[in-house]
Every structure is written in C-alpha cells, then in structure tokens.
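Open the model in your viewer and get ready to select a few pieces one after another. At each stop you will learn what to click on and what is there.

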Amino acid sequence: MTTEVLPGLAESPAAGAEGAAAPERIVVVIDDDHAMRLSCRQILVRMGFAVETFDNGAAGLEGVGRLKPPLVIVDLKMPGLSGLEVIGRVHELDPETVIIVITGYATISTAVDAMKSGAYDFLPKPFSPDELRLMVGRGMERRRLQQESRRFQLERELLRHKFVTFVSHQLKAPLVAIQQYLDVLRRLGDAPEAAEHRAEWLDRCLKRAEDMQTLIHDWLTLAQVEGGALARRREPLDVAALLLPVPDTYQPVAAAAQLTLTCELPVEPLPIVGDASALSVLLDNLITNAIRYNRPHGSIRVSASRCAGEVCIAVEDTGRGIPEECLPFLFDEFFRVGPAEGETTRPSGTGLGLPICRRIAAEMGGTIEVRSVPGQGSTFTVRLPAGGATSSHPGVPNEPQGSDHR
Amino acid sequence: MQDSARQVLIIDDDEDFRASVGSLLEAEGYAVHMAASGQDGLALARAIHPDLIILDIMMESSTEGYVVNQALRFCEQFEGCHDTPVIMVSSIESSPDELYPRSEEVAMIRPTVYLTKPLDFARFLETVQRLAPRGARV
C-alpha cells in the first residue's frame, strides 16, 4: 500500500515512507489547526509511524478509508464534519480502529460524549509530546490485543468448522454407499454388470447400514458421557466383582476369532466409587478392541489389581500394536490407525470407542493410558482412585446402610 | 466401438463408492481403474494417463483430494496429466470455490467439475460424457 496523499489535502507525503508503509504503522491525524498537525506529525514520525494529516473531517475520512490505519487522532471541534461524526464514520469502516480525540478544555464534556461514542481516549490541549506518545503507545497496544483475540477466535472457529465438516463426512459416508448401490441397481436393471454383483451389493448395503447404527450408537454414548447422563452415578463398586463375568461374556466371541481370553483377578475386593454401567461400557470397548485388532491364535489378558491408592484395570492384546506416531491421537474423536503394513483394509470401527473410554475414566476421576509395541501388542490401563466401602453383593452397587451411612 | 474404450480412474478410499460408480461406468462402456488412496491414484494416473479422473477429497487426510489435484495440475512428474479433466467428489456441500474464497488459493485446487455425494447419476453421466466423450457402443 502506498501512502501517497491527495494534493492539497496534506502538507507533505507521509514522512518516513518512501513508497509504502506497513498498514499497522500508519497514523492518521485530522485537525483543522495547522500547528497541531505539524507537531503531531513530528512526534509520531519519531516514534516510527508513517503519518498522514488532513485539515477537515471529510478529507480525513477519505484518507482513513484508503489507508486503513490502526489509529486515528481527531480534533473534536472542526468546521464542517464534526469530530463526533468522524468517530462514528471511522468505526463504520472498521470498528477496531483506535480513535484518540483532541479537545480544548472548554469542550471536556464533549470529550466524554466522544468516549461514549467509541473513542478510545482523549487528550486535552495543550498536551506535551510525552502525553501524546504515551497515549498513542497505549492505543496501539490496545489495537494489538484486540486483533490477537480476534485471531484466536478465528482459529477456534476454523477448528470447529473443520470438525463439523469431518463429522458430517463420517456420518454421510455409509448412506452415500447405500444410496449409490441402490441407485445403480435400479439404473442397470438386468444388465450383466448388475446381475453379477446384485447379491454382493445388497450384503454391502446391509453392512454399511449396520456401521451406521454402530456409529450413531457410539456417537450417542459419547454425547451421554459428555452431557453427564452416563457415568453420573457415584456408588461404591467392587471392580473385581464387576470383572468376574468377563470370561463368560467374551470367551465365545474370542473363540470365534481363534483367540484365547484370560482374566486375572485378586481374591480381595477392589473398591472404587463410580458408575457400574459406564465402567462396563468402558470395558466392553477395550475388550472388543483387543479382540478386533488381534492376530489369529493370539490372546487377550484382562486383569485388575490395586496399586498405590488406585485400582488398575489392564487389557492386554497380542495384536499388531500401534505405531508410535499414532499414540498422541489415539484418544481423539474419529482418529483411526491406518491399515497395517501389507493390508489394504482395516477392521471396521467408528473411531469413537477410545474417546468414550477416556471420557468415562475421566468422569470417574481416573485416567487411561496405552503402552504398545508394534508387531507385539498393546496394553490399555485404566486407573481409578480406590475408595469407598466394598460391596457385599458382587457387581451390585451398595445401598446406603442406615445409620452407618454418613 | 469406434475407438478403444476411454480410461477412467476412480480415486476414493470408500470401496463401496468405487464399486458402484465403477460398475456404472463399465456399463456405459468405459474402462475403469481404481485406487484407494491419493498416493496409489497418482501412481496409476502416471502409468495409464487416463482420459478422466474421479477424485474424492477426504481420504486418509481431510484435504487429500486437493493435494492430488494440485500435483496432477502442476507437478512435473505428472506432465501427461496436466490437462486431464478431474471430477472432484465429496459429501462436503460447499465447492472448493466457496470454501477457499481467495482466488489464488482456489486456483491451486480447482477441479474441472465439483459434484457432491451421493452422486446424482444422471448429472454425473452427462458430465462424464461431456469431459470424456466415448464412441457409440456397438
């Protein structure tokens, strides 16, 4: 941007600016008093600003529109367009322009009006060079902060937008697949291209519809945890008792995938305070993952123990492991580890299971972490604060016990 | 056929999208090639010099299609594909022109045509026919 000015409107081209000045270093001064314009220019140029001066409101506004300065100094009392009007119009152009008002002592009350209409501050005449420097410095700082916070806002907005786009893509993908299969089947009728594939495509439609169901289910679960509807109960639980049915529940699924499942529990109870149904959602996700991402003839080991004021639940698999570069993103919504080396597809999954686990663990005051050796397997460990009375009925939350309950 | 079949390359990570669109195009007399990632797609494009490319946007990364398109247009090693028409497809409702309002940004990634998923097959086939006209089927 050049700082060339219209002939006759300014005393001289912007000082310190042979050709161009960065827009953020331009100050516009609008004052009908020739001496005031000169002295402002002198002081501000020494501060390193490119300065443009104008002797009336209309010309000043034209200059502001063209130069887009971060800061404008305007005399309140001028013939023609008044300072107050100039303030309003400058802010119409850019509401973040910092405006400093110059005023005689006789017009202090007008200066207050000026502040009300959006001026940043006012300088009563006469003022010293130091006073001007101080105020312009503060004004520029204010401008900087304003812009920074707007930049943060924009970045947040952008992130949110990216997330929404991504979610809608994930939700639409199965429907796109189904719709297009059905449309192709309808269009091709009895053409050989369709006849050949009809049965296979219908199976794929069903599969993608199931995926969609799972995705919606997981999405709702995550929303429930976030909204506090799941993992809300705070009851004394015994983790050892909760884990007792694990082999019966998961052995058949594991066996079908040619996997061995073992569960190691201590004899003594492992008391925590939390939500039994949320904890079983968490466990279900971890064990299902361990089955899904295992290798044929591999194994899954579920264990629980008490360690230093915490109850630890570990789910260990002998699967492909997780590449180190993926670990930082593993618990992010929709993140999925890509297909393993030499594979083109990966097991189906929503990318929401681990985020759900992390949320549930956090809701109960705990953490979840993963250790993984690529090619050997992964271990997910949930740590929950130990505490509360142990349940006398395994797996069933304790009822308050009359007078014993405080 | 008047000439050998026109070659269409589909680059999309969704196997079901590839299967349905691929069969549709085969039924229309096109020779169809498929790739499941941007990287494989670029390698294939370089090898076969297709007459038309159908390119998904969100694959491994959420902007993969843009990157592939840019490489096809401007990278030296894809010289043979600089002018190959590209139909970019995605379930994102806004076209690259709307998403990237700055002209120099959109110039880098603008496809020949942008269509949203699920494809309106009538419009899709009309576009394919226009960009890669095939000889009458026998």
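This short tour goes through a predicted model, starting in chain B and ending in chain A.

**Stop 1: the sheet in chain B**

Show chain B as a cartoon and look for an open sheet of five strands. Its strands come in the order E2-E1-E3-E4-E5, with parallel pairing. Now colour the edges: strand E2 (31–35) and strand E5 (113–116) of chain B each pair on one side only. How are neighbouring strands turned against each other? On average the angle is 20 degrees, direction ignored.

Next, zoom in on strand E4 (residues 86–90) of chain B, which runs parallel to E5(B) and is joined to it by four bridges. To find one such partnership, select B:Ser90, whose bridge partner in E5(B) is B:Thr116.

**Stop 2: helices on the sheet**

Select residues 38–48 of chain B to light up helix H2, which packs on the sheet. H2 touches strand E1 (7–11), E2 and strand E3 (52–56) of chain B, and its direction makes about 165 degrees with that of E1(B).

Then select residues 64–74 of chain B, which form helix H3. H3 also packs on the sheet, where it touches E1, E3 and E4 of chain B. The direction of H3 makes about 170 degrees with that of E4(B).

**Stop 3: two helices in chain A**

Move to chain A and select helix H6 (residues 192–226) together with helix H10 (residues 353–363). Their axes come within 10 Å and cross at roughly 20 degrees. Because angles under 35 degrees count as roughly parallel, H6(A) is roughly parallel to H10(A). The crossing of H6(A) with H10(A) is left-handed.

Which residues meet here? Show the side chains: from H6(A) come A:Asp218, A:Thr221, A:Leu222, A:Val225 and A:Glu226. They meet A:Gly353, A:Pro355, A:Ile356, A:Arg359, A:Ile360 and A:Glu363 in H10(A). Sorted by class, this contact has five nonpolar, two polar and four charged residues.

**Stop 4: a loop residue**

Finally, click on A:Ala257, in the loop between helix H8 (246–256) and strand E7 (260–264) of chain A. Why does A:Ala257 count as partly exposed? The reason is its 15 C-beta neighbours inside 10 Å, since 20 or more would make a residue buried and 12 or fewer exposed.

Leaving aside residues up to four places away in sequence, A:Ala257 touches A:Ile291 and A:Asn294. For a last look, draw a C-alpha to C-alpha distance from A:Ala257 to A:Arg292: they are 35 residues apart in sequence and 8.4 Å apart in space.

Key:
Residues are numbered from 1 along each chain as its sequence is written. Chains are lettered from A and ligands numbered from 1 in the order in which they are written. This is a predicted model: local features need pLDDT of at least 70, side-chain atom pairs count only at pLDDT 80 or more; totals for chains, interfaces and linings use all residues. Two strands pair if DSSP finds at least two bridges between them. Axes are lines fitted to C-alpha atoms, for helices over the stretch in contact, and angles run from 0 to 180 degrees between N-to-C directions. Two residues are in contact if their C-beta atoms, placed from the backbone, lie within 7 Å. Angles under 35 degrees count as roughly parallel, over 145 as roughly antiparallel, 65 to 115 as roughly perpendicular and the rest as oblique. A crossing is left-handed if the near helix is turned anticlockwise from the far one by less than a right angle, and right-handed if clockwise. Ala, Val, Leu, Ile, Met, Phe, Trp, Tyr, Cys and Pro count as nonpolar, Asp, Glu, Lys and Arg as charged, and the others, Gly among them, as polar.
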